[in-house]
Amino acid sequence: MSAMLDSALQAAPATKARGYWATVARRIVGDKVSMACAIILVLIFASALLAPWLGLADPYQGSMIRRLRHIGTPGYPLGTDELGRDMLARLIYGGRLSLIVGILPVIFAFAIGTSLGLVAGYVGGRINTAIMRTVDVFYAFPSVLLAIAISGALGAGITNSIVSLTIVFVPQITRVAESVTTGVRNMDFVEAARASGAGPITIMRVHMLGNVLGAIFVYATGLISVSMILAAGLSFLGLGTKPPEPEWGLMLNTLRTAIYVNPWVAALPGAMIFAVSICFNLLSDGMRSAMDIRN
Amino acid sequence: MFAYIARRIVYVIPIVICVALVCFLLVHITPGDPLVAVLPADASQELAAQLRSAYGFDRPLPVQFGLWLWRALHGDLGSSIATGRPVLTEVMRAVGNTVMLAVAAAMIGFTFGLLFGLIAGYFRDTWVDKVATSVAIAGVSLPHYWLGMVLVIIFSVQLNWLPAVGAGPGGSGAWAWDWEHLRYLVLPAITTSVIPMGIITRTVRALTGDILSQDFVEALRAKGLRETAVFRHVVKNAAPTALAVMGLQLGYMLGGSILIETVFSWPGSGLLLNSAIFQRDLPLLQGTILVLALFFVLLNLLVDIAQAAIDPRIKRS
Amino acid sequence: MMTEANLPADMLEPVADVGGIAQPLLQVKGLTKHFPVRGGLFSPQKTVRAVDNLSFAVMKGETVGIVGESGCGKSTTARLLMHLMPRDGGDIVYDGMQVGRSLSLRELRRGMQMVFQDSYASLNPRLTIEESIAFGPKVHGMADGAARTLARELLGKVGLRPETFANRYPHEISGGQRQRVNIARALALSPRLVILDEAVSALDKSVEAQVLNLLADLKREFGLTYLFISHDLNVVRYISDRVLVMYLGEVVELGPVDAVWDAPAHPYTRALLAAMPSSVPDRRTEVPPISGDPPNPIDPPSGCRFHTRCPFAEPVCANDTPKLGDLDTMGHQAACYMAVPGSGHSRAPAKARGDDAA
């Protein structure tokens with residue numbers, strides 16, 4: 001059977017082999033849910049980035065005579081907030097800070113956690129014990145509590161929010177990176193690479209990174225969802241940015257009192273957080289199944 | 001089994017000490033002098049020095065930590081700067097309310113999570129599965145504080161069925177097990193239950209799929225077992241893991257209650273933490289976080305031991 | 001057979017032959033590896049004696065087989081020889097040179113290569129086959145282009161058309177083809193010794209035969225020496241010149257393959273051969289097959305490690321550990337008191353006669 005297969009393949013014409021990442025990319029593009037999420041995210045990112053050129057109202061300019069207009073009011077498609085500022089403009093401008101504070105901690109934690117996890121997983125021994133036991137200590141805190149504790153101790157502010165969320169996510173990414181690295185490190189092909197005389201740096205670069213980064217990246221993408229919710233949550237508590245800066249969590253906070261007057265306008269910023277969060281979650285799921293080579 | 005429990009407990013001790021260290025250091029990463037919050041603005045140098053030595057702030061850090069840990073072990077977490085009452089008393093009273101909220105939410109989350117997970121796993125890749133998994137994904141992606149607001153908008157503002165804030169009529173502190181009080185628990189508990197519900201749905205769905213694809217289920221079917229019996233079998237196999245996940249989620253709910261308690265003005269540990277942060281009441285901040293983290297560590301330990309008791313394979317690893 | 005013209009023009013220079021034909025290519029003396037096992041909370045730490053005081057030699061150009069049940073330390077031995085894990089004791093001498101003295105670890109790894117059992121796990125799933133084979137030569141300083149040319153040439157040598165296979169990924173080819181790739185990868189460093197650790201065990205029987213024939217051809221073409229580790233006695237007999245039987249980390253019998261097969265001296269060897277499916281009905285079940293599982297290597301029995309399962313065990317076997325003793329002048333040795341004259345075992349040959357070894 002196999003002998004026949006052998007000769008059949010021998011005879012087959014030379015085919016253009018698709019690389020692993022090309023296959024993954026093709027599968028993600030073919031997945032409707034992932035693509036829909038990607039498009040929504042691109043729209044939100046692009047509008048936040050290009051906000052000054054979209055011809056929007058001034059997000060800081062309020063007016064006492066047009067406070068809390070309803071959704072659909074002419075001139076104010078999404079109504080106005082408690083100080084009479086245009087909600088559409090504030091939601092789009094609000095994306096700038098909200099996305100930065102939500103995503104930067106994951107990027108920082110990805111860089112730090114991956115490095116720590118790779119070292120712990122590849123070197124092993126005492127270094128592994130030292131890194132992983134430290135990580136265990138941070139796992140003894142629920143992540144929301146840890147983020148709020150650090151932010152609360154450091155004081156309100158965007159930088160402090162980013163620092164505290166980074167501290168929350170580093171142990172999580174480190175743990176994932178360590179377990180993936182340990183798994184790959186024990187594979188025979190790493191042994192074979194060592195047996196061919198390659199040093200640890202070469203093995204790390206050629207044989208480990210490509211097999212490890214994908215899984216960590218997918219995990220980090222899923223974390224962005226949590227990070228967006230937590231970052232906005234810190235602002236919601238008053239630990240993030242300060243008024244009058246537009247930011248979704250803070251807007252949700254200042255609009256809380258307006259729920260008796262104009263409830264659905266007050267709920268809008270949360271819908272934005274939800275949209276970004278669920279898109280990153282679904283995208284992470286889509287990438288995970290696209291990268292699973294077995295199916 | 002005893003050896004396993006002993007080993008787990010021995011392993012927890014260094015974690016507890018490190019958790020205490022992190023809580024202790026929290027106060028020392030705060031910008032500025034920790035005395036600022038206690039000192040009157042026009043305090044003299046002598047008064048500052050006096051207070052400094054009274055609080056022990058003039059000693060080296062490791063000594064301060066040792067003394068603090070020693071007192072904490074004896075139940076002395078200092079006094080709240082704002083109210084002057086012992087921190088431990090304040091925290092324990094608030095934790096009681098949070099535990100009530102978390103347990104109520106856990107029951108809702110566990111019941112619906114198990115239900116949705118079983119249905120999704122059993123009818124895999126049908127529209128039922130799609131609905132259940134969508135609910136689960138939405139559950140873990142929702143900003144729960146926003147969900148709280150939306151529920152208040154619907155059930156308090158629009159329909160006027162349930163109260164929006166507080167933990168009892170007239171803002172009184174006393175709790176009673178009657179509908180007048182329970183009404184206040186409904187919205188916060190549902191809001192809190194959404195995340196664990198999503199997580200348990202996903203876990204149980206995966207578990208159900210795994211169990212159904214195993215050979216022994218095929219064997220049971222081949223033996224002519226009815227589908228209801230197979231289903232009961234799946235529930236029996238999936239429930240312990242779901243329960244363990246729920247145990248961990250209970251810990252997250254205890255620690256993560258601050259946002260929801262702020263939305264609903266629920267007088268629990270989260271609201272206490274909130275006021276501690278904004279009044280710069282550092283002993284209270286430190287004490288609340290320590291107590292909540294220790295609860296979390298304890299719950300993790302209990303879940304580990306319970307799981308090992310159910311599944312003997314775990315003890316080996 | 002082995003002419004310069006047969007070799008690809010730009011292979012790595014093999015590690016020079018220093019000792020001549022009389023010097024063993026590999027000498028192993030007293031090789032020992034103990035793994036610590038975590039005890040309970042209050043119990044002391046224990047050790048698994050995976051490889052215990054192992055000594056043997058591999059001559060240039062021969063194929064030595066290592067057989068034994070799973071868990072007897074065969075694969076640990078292979079990894080120790082490759083210096084993939086640190087050893088607790090013993091010397092590994094390559095052509096008269098010791099690693100760290102007259103031979104660097106890098107040079108040793110050029111002179112000695114290994115093929116693993118799991119053909120899929122031993123290839124990086126993210127690299128094409130060509131890249132996997134070219135990796136080793138590049139580590140040793142070959143330019144990328146030259147290494148890729150060499151990789152394609154070696155693919156041809158192991159019977160895979162380079163145009164078809166060079167750009168494929170491991171999951172796109174069959175198990176037999178993958179193991180051919182692994183062999184090419186090992187050959188890419190111009191080794192003189194190749195350790196084959198259960199290299200054909202996972203393959204279908206028909207594919208296994210093809211790969212074994214390929215190994216024999218390559219040995220002739222490249223002048224290789226093989227250390228062939230397997231639990232499959234038929235395969236070992238087919239490919240080996242000499243064989244080494246391991247039990248719980250120790251050598252119990254060693255000798256030319258025909259001598260061991262025709263006159264097995266150790267009861268363990270006899271039991272292994274008896275348990276082997278044989279095509280000759282008369283040769284079946286002469287000796288009662290071994291009963292039970294191997295003892296726990298954490299706590300090996302005292303004396304001869306086999307005495308707990310040996311049908312001929314006597315008190316002497318539990319008290320002292322037998323050493324490998326010569327059975328003839330052809331290098332057939334066994335570690336059993338039944339083979340040592342005057343050992344105190346009732347079945348031992350009388351002193352000074354020693355013509356009745358089996």
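**Group meeting: three chains, a few odd spots**

Okay, let's start at one small place: Asn160(B), which sits in the loop between α6 (144-158) and α7 (179-212) of chain B. Before I go on, keep in mind that this is a predicted model.

So what is the sign of phi at Asn160(B), which is not a glycine? Phi there is positive, at about 60°. Why flag that? Because most residues other than glycine have a negative phi. And is Asn160(B) buried or exposed? It has 9 C-beta neighbours inside 10 Å, and a residue with 12 or fewer is called exposed, so Asn160(B) counts as exposed.

Now hop over to chain C, to Asp95(C). Here too we have a positive phi in a residue other than glycine, near 50°. Asp95(C) is in a loop as well, the one between β4 (89-94) and β5 (97-98) of chain C. The surroundings are another matter: Asp95(C) has 22 C-beta neighbours inside 10 Å, and the cut-off for buried is 20 or more, so Asp95(C) counts as buried.

One more backbone oddity, this time in chain A. The peptide bond running from Pro243(A) to Pro244(A) is cis, and its omega is near 5°. On the general side, most peptide bonds are trans. If you want to find the spot on screen, look for Pro244(A) in the loop between α9 and α10 (248-254) of chain A.

Right, let's zoom out to chain B. How many helices and strands does chain B have? The count is 13 helices and 0 strands. So when you read chain B along the sequence, the pattern is just α, again and again, to the end. The C-alpha trace of chain B spans about 85 × 55 × 35 Å along its principal axes. Chain B has 317 residues, and 36% of them count as buried. Then there's the question of who touches whom within the chain. Take the contacts in chain B with a separation of 6 or more: 74% of them join residues 24 or more positions apart.

Next, how do the chains meet? Between chain A and chain B, 34 residues of A are in contact with 39 residues of B. On the chain A side, the helices α5 (125-139), α6 (143-154), α9 (200-237) and α11 (263-291) each give at least two residues. Which of them gives the largest share? That's α11(A), with 10 residues. By class, this side of chain A has 24 nonpolar, 8 polar and 2 charged residues.

Then there's chain C against chain A: 36 residues of chain C are in contact with 27 residues of chain A. Several elements of chain C supply at least two residues each, among them β6 (112-115), α6 (175-187) and α7 (205-222). The side of chain C that touches chain A divides into 12 nonpolar, 14 polar and 10 charged residues.

Let's stay with α11(A), and bring in a partner inside chain A. Helix α3 (residues 32-49) of chain A comes within 9 Å of α11(A), axis to axis, and the two cross at roughly 140°. That angle makes α3(A) oblique to α11(A). The crossing is left-handed. From α3(A), the residues in the contact include Val33(A), Cys37(A) and Leu41(A), and from α11(A) they include Ala275(A), Cys279(A) and Leu283(A). The tally for this contact is 11 nonpolar, 2 polar and no charged residues.

Now lay a UniProt record over that. An unreviewed entry places "transmembrane region" at several spans of chain A, including residues 33-57 and 259-283. In the model, 33-57 of chain A is 68% helix and 0% strand, with its end C-alpha atoms 33 Å apart. Residues 259-283 of chain A come out at 84% helix and 0% strand, and the end C-alpha atoms lie 32 Å apart.

Last stop, a helix pair in chain C. Helix α3 (residues 129-139) and helix α4 (residues 144-157) of chain C have axes that come within 8 Å and cross at roughly 125°. That makes α3(C) oblique to α4(C), and α3(C) passes α4(C) in a right-handed crossing. Among the residues making the contact are Ile133(C) and Pro137(C) of α3(C), and Ala147(C) and Leu150(C) of α4(C). This contact divides into 7 nonpolar, no polar and 5 charged residues.

That's my tour, thanks!

Technical notes. Residues numbered from 1 in each chain as written. Chains lettered and ligands numbered in written order. Predicted model: local features only at pLDDT ≥ 70, side-chain atom pairs only at ≥ 80, totals over all residues. Axes fitted to C-alpha atoms, helices over the stretch in contact; angles between N-to-C directions. Helix = DSSP H or I, 4+ residues; strand = E, 2+ residues; numbered from the N terminus. Parallel < 35°, antiparallel > 145°, perpendicular 65-115°, else oblique. Left-handed = near helix turned anticlockwise from the far one by under 90°. Contact = placed C-beta atoms within 7 Å. Nonpolar A, V, L, I, M, F, W, Y, C, P; charged D, E, K, R; others polar. UniProt positions renumbered as here; feature names shortened; annotations may be inferred.
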